[in-house]
Amino acid sequence: MPEPVPAEKPAGEDVSEPTNDDAPPADGDSDVDWDESETTELTGLFVEKPPDNVVVITGSDAIFIARVDSTTLARKPTMKWLKGKWLDLGSKAGKHMQFKETYDRNTKIYTYEMKINKVVPGDAGGYRCEVTAKDKCDSSTFEISVEAVQQETLGDDLAAFKRADAGEDEGSLDFSALLKAAKKKRPEKEEPEIDVWELLKSAHPSEYEKIAFKYGITDLRGMLKRLKKMTAPEPKYSEAFLKKLDSCYSVDKGKKIVLTCEVVDPNIPVKWLKNGQEIKPSAKYIMEANGNKRTLTINRTTLADDAAYECVVGEDKSFTEVFVKEPPITITKLMDDYHVVVGERVEFEVEVSEEGAHVMWFFEDVELHKDKDSKFRFKKDGKKHTLIIQEATLDDIGMYHAWTNGGHTKGELEVEEKELEVLQDIADLTVKATDQAVFKCEVSDDKVTGKWFKDGKEVLPSDRIKMSHIGRFHRLVIDDVKPEDAGDYTFVPDGYALSLSAKLNFLEIKIDYVPRQEPPKIHLDTTGSMVSQNTIILVAGNKLRLDVEITGEPAPTVVWSKGDQPIADSEGRVRVESRKDLSSFVIEGAEREDEGNYTIVVTNPSGEDKAVLFVKIVDVPDPPQHVKCTSVGEDTAIIVWDPPKFDGGAPIKGYLMERKKKGSSRWTKLNFDVYESTTYEAKRMIEGVFYEMRVFAVNSIGLSQPSLNSKPFMPIAPTSEPTRLTVNDVTDSTCSLRWLAPDKIGAGGLDGYIIEYCKEGDTNWVVANKELCEKQGFMVRGLPVGEKINFRVMAVNIAGNSPPAIMSQPVTIREIVEHPKIRVPRDLRTKYIRKVGEKINLTIPFQGKPRPIATWFKDGQPIDPKMVNIRNSNVDSILFIRSAEREHSGKYELLLQIENMEDRATIEIRIVEKPGPPLKVRVTDVWSFNAALEWDPPKDNGNCDITGYTIQKSDLKTKEWFTVYEHNRRTNCTASDLIMGNEYRFRVYSENLCGLSEEPGLSKNTAVIAKTGLQVKQNSYKEMDLSCVPKFTQPLVDRTVVAGYSTAISCAVRGFPKPKIVWMKNKMIIGEDPKFLMQNNQGVLTLKIRKPSTFDGGKYTCLAVNELGRDEVECKLDVKVFREEPVEKK
């Protein structure tokens, strides 16, 4: 598309006014015009910065990217996007502005991205991205320009106004006649190009029509619009405002802000606009005029007040933008953990710092939405936010999170299968005829239904038999009991493998003849609430009504007493009620003080009867005592407590435990079935978090009050045991141990190790180190010789000692005898050559126990310590020569001895230096332009072989030396190309491994090259006939090679003229196959085969042919595949 043209600003607008923010596009999906000629220099923390200037088209999206290298940073860097100098754009995040951060673990580069959706003119201005990391910071500034969508360029504009069909006229004007006239008046010759738009700008409006038709423009409306834009007046500063509004304002949510500007005319009225709509005065918006000042006060700002504002005076306007910053929402009340059974309601509740704040709920890593998850409900009540799960299931187990823009909390939900608990069992009944029998039971779930059975058959309701279910109570009522109603009655809850049974006994009353005079008799019902003879169990708080039937004639007198105190009250909590033939003893709301022996005495003239009853009051037990944490693990803790002082008169069945996080008010149940022991291991806790515990005692009556909270404790796990504990070395009194760090260390870290030992069969472990050992190795000293000792190592951290790592078998403390063995390094197994003056440092490792004695010899004699330094250790011997001399050369022998065992190793050391000069250098013959030289080898070869000679020549005129030959191996040579008429001298340098000799050998005589005029008579020479038939002097040899490894086969041939060579495989000529490389070097023929396979095996033939004949040789090549034999597992 064409380059965007900046749109003119309206008159009176401040040109320097900054507006909003923008960023460059990504992936080519925005209309941002990048200035490629300007590059950003990467300095400081930034790896990539945004361009300095960006041009954005209105309505397009723009993406702005910066990258930071964190390889040298101690902590994660913090990025801020700013507009102007101080406005933080983080509070503007929303649909218009979006921020994104990513991290690449491989390159350790953070990528920060700011995206502006649908750019508006207000987004133009200056921006800055600022990154900080501890004590380092860096920033980058850039400018954003926003342009309106432009029309076509000048050349295309003319085409836009021309019509494809000249017969179609747009508008109400008819220009056909003018077109014809223009066509007639068109000159024959070509006119120069004229800028039509410049012509129109300078012309009078009455001439527009004429010019348009002269140049073929028929769309006059479009032309006038374009011309109006081009002739728009230059922007000028406002004449109505003395001081305009600031470019932008920032205010915290809930605060008030005042917008102030100054006008020229103090009496002129102004209008205030918000996003183009006029603002009416109200309690929220207060408009004031004080002289030249005009102010707009916005009270109690909300996010809706984040908008663009204008102050309008006539045609002039002053623009500004208000940014309302929303403070970060913090979580003031954290989420609690829940431990429920299936079907229970769960409410995760948090409190935030502001009302109406947005809270996001997550289950594990999945965000919860009301429209997607019908089982979840979300509730807001002021600052309280609640996630509600109506009926928990096993699928709901996990971690729930609540996020705000300034905080995070989480809570764990544990769901267990529902278990039905019997709170009150069915009791056996003994009833008389026509009485009512009531079976009653109570279960823990009020929604559970069930069925009643008699002797295995279901009981159906009738007029006499009624069944009811009210809450947790289930009743079976039988009216007018008959003998056939006796039997076993069972209640079976639906859906549970549980049944409650009781027996109904029918009491048949027999009437005998009673004389009128009868002594008194007390008839106690022992089938009711008595658990044993004359003992009544009563639950504290319940009511006791004991009806005692009394017979006797005349009617006897009844006296009740507790101990020695008679009970005569007929009203009150403890009272006696009397009726004919019946005396009732009543206790309302039984208390522990009511327990004791009660006596009933009945008398009449015929005699007396007495009965003693013991009333036992049972109650819920007292709370358990001294709840405390004795040890902790990674996510566990051991809790112990003491039983309650008073068990309530009934045996303690067990205990229920609850825990909570410190500072929380939500207790989580840890068990639903009673726990009988007073030691409990709490599991599934978060390491590093403080917890508190409390315990309830349970007896047959019910649940006690909770105990006092335990002291806060934090789960921290000791490490796992150290690994790979091995013995490194053993002597007569020490043992060296080695091990590796534990596999699992945890949050408690690792402080060190404790090493212990004991004799075999003993259990008394002795600590070997007084202080913690921080290394992964330790030498235990002072051990008895010959004893078998067990060793163990424990890791230590703040949580205590880890489980010990124990040796699989005891170690015998005795020096291990090991044959001496010298392990000569590979580079010392051949001759060791060094130059004079170099340093020699040879380390020869060996093994053997006890410590061997190492002795060095040179050429059979003990080494002189003044010439060679020797240092011996337990495992090696070092031979050191600071500066090598020729006399250090020789054979060095290391002798290693342990008692009568020994081992020897020989190392040959040769110290070399530069050789001496050659001897007796002489010119032996001169002919033509050549001179023959000979010499004798040097007297001193530098302690190594002579590798060659360097020969130089010099004419006596210039006396400059020039090299004739280098690396000449013989003791003679011929100097050629000498200049006629010159006299030459020669010198020779000898050469060895160290280089050329310091001094040359000079020739004693010279070589004189005679001038022309001398003729040399040459003897007649008869050329020899060298022609011969090709003949192989060296045949091919059969070979076996390994597949995948390159190989070569060779032979040698002679023949003249030079024979043509042909290679064949299995009698087939090998062509230009890149797998084969054929070489011919002075008659030596080589065929190289690159990485052969089994397919390349066969017979190879080499054929040599010339005009005199031919010869051939062949060989067999086998290619085998290497197969690695499996290693035996020990």
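Q: Strands are DSSP runs of E with at least two residues, numbered from the N terminus; in which strand is Thr 906 found?
A: In this predicted model, Thr 906 is found in strand β71, which covers residues 901–912. The protein chain has 89 strands and five helices.

Q: Why is Thr 906 called partly exposed?
A: The relative accessible area of Thr 906 is 48%, and the term partly exposed covers the values between buried, under 20%, and exposed, over 50%. Since 48% falls between these two limits, Thr 906 counts as partly exposed.

Q: Which residues does Thr 906 touch, leaving out those up to four places away in sequence?
A: With those sequence neighbours set aside, Thr 906 touches Lys 891, Tyr 892 and Glu 893. Thr 906 and Leu 894 are 12 residues apart in sequence, while their C-alpha atoms are 6.4 Å apart in space.

Q: What makes Gln 98 partly exposed?
A: Gln 98, whose place is in strand β7 (residues 97–104), has a relative accessibility of 38%. Because 38% is neither under 20% nor over 50%, Gln 98 is counted as partly exposed. Not counting residues up to four places away in sequence, Gln 98 touches Glu 113, Met 114, Lys 115 and Asn 117, and from Gln 98 to Asn 117 the C-alpha atoms are 8.1 Å apart, with their positions 19 residues apart in sequence.

Q: How do you know that Glu 442 is buried?
A: The relative accessible area of Glu 442 is 11%, and buried means under 20%. The value of 11% lies under that cut-off, so Glu 442, in strand β31 (residues 437–443), is buried.

Q: Why is the link between the side chains of Glu 442 and Arg 472 called a polar contact?
A: The side chains of Glu 442 and Arg 472 are joined at 3.2 Å, and a polar contact needs a pair of N or O atoms within 3.5 Å. Because 3.2 Å is within 3.5 Å, the distance fits the term. Arg 472 is also one of the residues that Glu 442 touches, among them Glu 421, Val 422 and Phe 473, when residues up to four places away in sequence are not counted.

Q: What makes Asp 485 buried, although its place is in a loop?
A: Asp 485 lies in the loop between β35 (473–478) and β36 (487–493), but the word buried rests on accessible area, which must be under 20%. With a relative accessible area of 5%, Asp 485 therefore counts as buried. The side chain of Asp 485 makes a polar contact of 2.6 Å with the side chain of Arg 464. Leaving aside neighbours within four places in sequence, Asp 485 is in contact with residues including Lys 454, Ile 478 and Leu 504.

Q: Why is His 626 called exposed?
A: His 626, which lies in strand β48 (residues 625–632), has a relative accessible area of 57%. Exposed means over 50%, so 57% places His 626 in that class. Phi of His 626 is near 55°, a positive value in a residue other than glycine.

Q: How do you know that Gln 1082 is exposed?
A: The relative accessibility of Gln 1082 is 78%, and because exposed means over 50%, Gln 1082 counts as exposed. Gln 1082 lies in the loop between β86 (1076–1081) and β87 (1084–1089), and its phi is near 55°, again a positive value in a residue other than glycine.

Q: What is omega for the cis peptide bond that joins Glu 553 and Pro 554?
A: For the cis bond between Glu 553 and Pro 554, omega is about -5°, and Pro 554 has its place in the loop between β41 (544–553) and β42 (557–562). The peptide bond from Phe 1056 to Pro 1057 is cis too, with omega near 0°, and Pro 1057 is found in the loop between β83 (1047–1056) and β84 (1060–1065).

Q: How many residues has the largest nonpolar core, and which have the most contacts inside it?
A: The largest nonpolar core has 26 residues, and those with the most contacts inside it are Phe 46, Val 68, Met 79, Trp 81 and Ile 144. Elements that give two or more residues to this core include β4 (62–69) and β10 (136–147).

Conventions. Residues are numbered from 1 along each chain as its sequence is written. This is a predicted model: local features need pLDDT of at least 70, side-chain atom pairs count only at pLDDT 80 or more; totals for chains, interfaces and linings use all residues. Side-chain values use heavy atoms; hydrogens and water are left out. Helices (H or I, at least four residues) and strands (E, at least two) are DSSP runs, numbered from the N terminus. Buried means under 20% relative accessible area, exposed over 50%, partly exposed in between (1.4 Å probe, protein chains only). A polar contact is a pair of N or O atoms within 3.5 Å; within protein, one must be able to donate a hydrogen and the other to accept it, and residues adjacent in sequence count only if both atoms are side-chain atoms. Contact means heavy atoms within 4.5 Å. A nonpolar core is a set of buried Ala, Val, Leu, Ile, Met, Phe, Trp, Tyr and Cys residues joined through side-chain atoms within 4.5 Å.
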